[in-house]
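I opened a new page for this protein and wrote down what I looked up, one topic at a time. Feel free to follow along with the structure beside you.

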Amino acid sequence: MMLPIPLASRSFPGLSAACLFAGVICIAPGSVQGKESRPDIPESDMPAFCRGEAASKFSISPREISTLPVEREGSNFRVYGQSPAEGSKALFFYCEFNRHREFDKVIMTSDKRESEPAAQEVDGVTVNEMPRFCKGKAAEAFDVKPGRVTTNKALKESDGRYRVFGQYITPANDVQVFHCKFSPNGKFLSVKTDNR
């Protein structure tokens, strides 16, 4: 009985003949599930790569951008940054890299520059993105490193808005609880500490 030749072998004639005659499924080079054609970025290069992408998106010089060390967000990688490099009157953003170390996107969280026209803030985020977005907002608002901030899943309230509860470790190593609010369409509204 003759086995049908797998489609992959027609597109990639260099595949092993042994693979074909054994009747097993041959996977073409570079077709690993979930992997895309973008270049893999070494973790050590992600901050510099992020600065370049942010410079391009926001039309600023990479020399005016500072980034924090790479953080893990689940199976993904994230780099937080701002421009100018110092101070709170800055544009804040983060870069996202997937689990294959491929660059996905750069997202602005806020723009507090006084000398520049304010860039439009993102219209909204998905419910799944709210905890990570809230984490970045809290780190910025409370002047702590994102690594000292944790957030929970978004909860939908009776009025249709969403709330994300979180906490961060203060410089005095105390725990401060806070929450973020989002509109029904995912627009960020506020981040406030819970005074108890």
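**Entry 1: burial and overall layout**

I began with a term: a residue counts as buried when its relative accessible area is under 20%, and as exposed when that area is over 50%. I also noted at the top of the page that this is a predicted model. With that cut-off, buried residues make up 39% of the 196 residues in the protein.

Next I looked up the secondary structure, and the protein turned out to have 4 helices and 10 strands. Along the sequence I read the order as α-α-α-β-β-β-β-β-α-β-β-β-β-β.

**Entry 2: the disulfides**

How many disulfides are there? I found a count of 2.

I took Cys50 and Cys95 to begin with, whose sulfur atoms are 2.0 Å apart in a disulfide. This disulfide links distant parts of the chain, as Cys50 belongs to helix H3 (residues 46–58) and Cys95 to strand S4 (residues 91–97), 45 residues apart. I looked up the torsion about the S-S bond of Cys50 and Cys95 too; it is about 80°, so this disulfide is right-handed. Cys50 and Cys95 are both buried.

Then I turned to the disulfide between Cys134 and Cys180, with an S to S distance of 2.0 Å. Cys134 is in helix H4 (residues 130–141) and Cys180 is in strand S9 (residues 175–182), so the pair ties together parts 46 residues apart in sequence. For Cys134 and Cys180 the torsion about the S-S bond is about 80°, so I wrote down right-handed here as well. Cys134 has 0% relative accessibility and therefore counts as buried. Cys180 has a relative accessible area of 0%, so I marked Cys180 as buried.

**Entry 3: aromatic rings**

I searched the whole structure for aromatic pairs and listed 11. One of them is Phe133 with Phe182: the ring centres are 6.2 Å apart and the planes meet at 65°, so the pair is edge-to-face. Phe133 lies in helix H4 and Phe182 in strand S9, so this pair ties together parts that are 49 residues apart in sequence. My disulfide entry has a link between H4 and S9 too, made by Cys134 and Cys180.

Phe133 and Phe182 are both buried. Phe182 also pairs with Phe188, again edge-to-face, at 5.7 Å centre to centre and with 75° between the planes. Is Phe188 buried or exposed? I found a relative accessible area of 16%, so Phe188 is buried. For Phe182 the relative accessibility is 0%, so Phe182 is buried too.

I noted one cluster as well: Phe49, Phe97 and Phe103 form one aromatic cluster.

**Entry 4: charges over rings**

I then checked for charged groups over rings. Arg72 lies over the face of Phe77, 4.2 Å from the ring centre. The charged end of Arg78 sits over the ring of Tyr94, at 3.7 Å from its centre.

**Entry 5: strand S4 and its neighbours**

How many residues of S4 are buried? I counted 7 of the 7, so S4 is largely enclosed by the rest of the structure. I looked at its two faces in turn: Leu91, Phe93, Cys95 and Phe97 are buried on one side, and Phe92, Tyr94 and Glu96 are buried on the other.

Strand S3 (residues 76–83) pairs with S4 in the antiparallel sense over 7 bridges. Within this pairing, Arg78 has Glu96 in S4 as its bridge partner. S4 also pairs with strand S5 (residues 103–111), in the antiparallel sense and over 7 bridges. There Phe93 stands opposite Met108 in S5. The hairpin of S4 and S5 has 5 residues between the strands, and in it Arg101 takes a positive phi near 65°.

**Entry 6: the largest pocket**

My last look was at pockets. The largest pocket has a volume of about 530 Å³. It is lined by 21 residues, of which Gln82, Phe92, Ala139, Glu140 and Asp143 are the closest to its centre. Which elements supply at least two residues each of its lining? I wrote down strand S1 (66–67), S3, S4 and H4.

Terms used:
Residues are numbered from 1 along each chain as its sequence is written. This is a predicted model: local features need pLDDT of at least 70, side-chain atom pairs count only at pLDDT 80 or more; totals for chains, interfaces and linings use all residues. Side-chain values use heavy atoms; hydrogens and water are left out. A disulfide is a pair of cysteine sulfur atoms within 2.5 Å. Buried means under 20% relative accessible area, exposed over 50%, partly exposed in between (1.4 Å probe, protein chains only). Rings of Phe, Tyr and Trp (its six-membered ring) pair if their centres lie within 6.5 Å; planes under 30 degrees apart count as stacked, over 60 as edge-to-face and the rest as tilted. A charge sits over a ring if NZ of Lys or CZ of Arg is within 6 Å of the ring centre and within 35 degrees of the ring normal. Two strands pair if DSSP finds at least two bridges between them. On a 1 Å grid over the protein atoms alone, a cavity is a set of points where a 1.4 Å probe fits but cannot get out, and a pocket is an open set with protein on both sides within 12 Å along at least five of seven lines; lining residues have an atom within 4 Å of a point. Grid points are joined across faces, edges and corners, and a volume is the space filled by probe spheres set on the points.
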